[in-house]
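I opened a fresh notebook page for this one. Come and look over my shoulder while I go through it.

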Amino acid sequence: MFSRKSAVSFSECAGAIDVILIWLHKSTLSDLQRSGKRQKKFYCGRKHKFGLNCQDVLDAKRKILDISIVYGGAFFGLNCI
């Protein structure tokens, strides 16, 4: 299915992977102490925003096969996969 939509005819490809940074307000110190995390884990230096990385995998029909919102904004999206 995907090979018909692919310009280079990827025959063994299930779809696509996409990553987006979901912006958050800067966490308070008390919230961070309760969670055991540090602020820099949520800061995306490239976009200068706090957030969470959302990664999703789609098939050739654009149906979502998997979604993950586990990593803070400090992680580059493709490093999380």
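Below are my entries, in the order I made them.

**Ground rules.** I am working with a predicted model, where local features need pLDDT of at least 70 and side-chain atom pairs count only at pLDDT 80 or more, while totals for chains, interfaces and linings use all residues. I count residues from 1 along each chain as its sequence is written, and side-chain values use heavy atoms, with hydrogens and water left out.

**Overall layout.** I looked up the secondary structure and found two helices and four strands in the protein chain. Helices here are DSSP runs of H or I with at least four residues, strands are runs of E with at least two, and both are numbered from the N terminus. Reading along the sequence, I get the pattern α-β-α-β-β-β.

**Burial and contacts.** I noted that 25% of the 81 residues in the protein chain are buried. Buried means under 20% relative accessible area, exposed means over 50%, and partly exposed is in between (1.4 Å probe, protein chains only). Of the contacts with a separation of 6 or more, 55% join residues 24 or more positions apart; a contact means heavy atoms within 4.5 Å.

**Cysteines.** How many disulfides does the structure hold? I found zero, taking a disulfide as a pair of cysteine sulfur atoms within 2.5 Å. Cys44 has a relative accessible area of 10%, so I list Cys44 as buried. Cys54 is buried too, because its relative accessible area is 9%.

**More on Cys44.** I placed Cys44 in strand S2. Leaving out residues up to four places away in sequence, Cys44 touches Leu21, Lys49, Gly73 and Ala74. I also checked Cys44 against Gly72: they are 28 residues apart along the chain, with 8.2 Å between their C-alpha atoms.

**Lys37.** Where does Lys37 lie? I found Lys37 in the loop between helix H2 (29–35) and S2. Its relative accessible area is 48%, so Lys37 is partly exposed. Not counting neighbours within four places in sequence, Lys37 is in contact with Leu32 and Phe42. I paired Lys37 with Gly72 as well, and got 9.9 Å from C-alpha to C-alpha across 35 residues of sequence.

**His48.** Phi of His48 caught my eye: the value is near 55°, which is positive in a residue other than glycine. Most residues other than glycine have a negative phi. His48 belongs to the loop between strand S2 (43–44) and strand S3 (49–59). Is His48 buried or exposed? With a relative accessible area of 58%, His48 is exposed.

**Asp56.** I located Asp56 in strand S3. Asp56 counts as buried because its relative accessibility is 16%. Beyond four places in sequence, I listed its contacts as Ala16, Ile17, Asp18, Val19, Asp66 and Ile67.

**A charge over a ring.** Which residue lies over the face of Trp23? I found Lys49 there, at 4.0 Å from the ring centre. My rule for this needs NZ of Lys or CZ of Arg within 6 Å of the ring centre and within 35 degrees of the ring normal.
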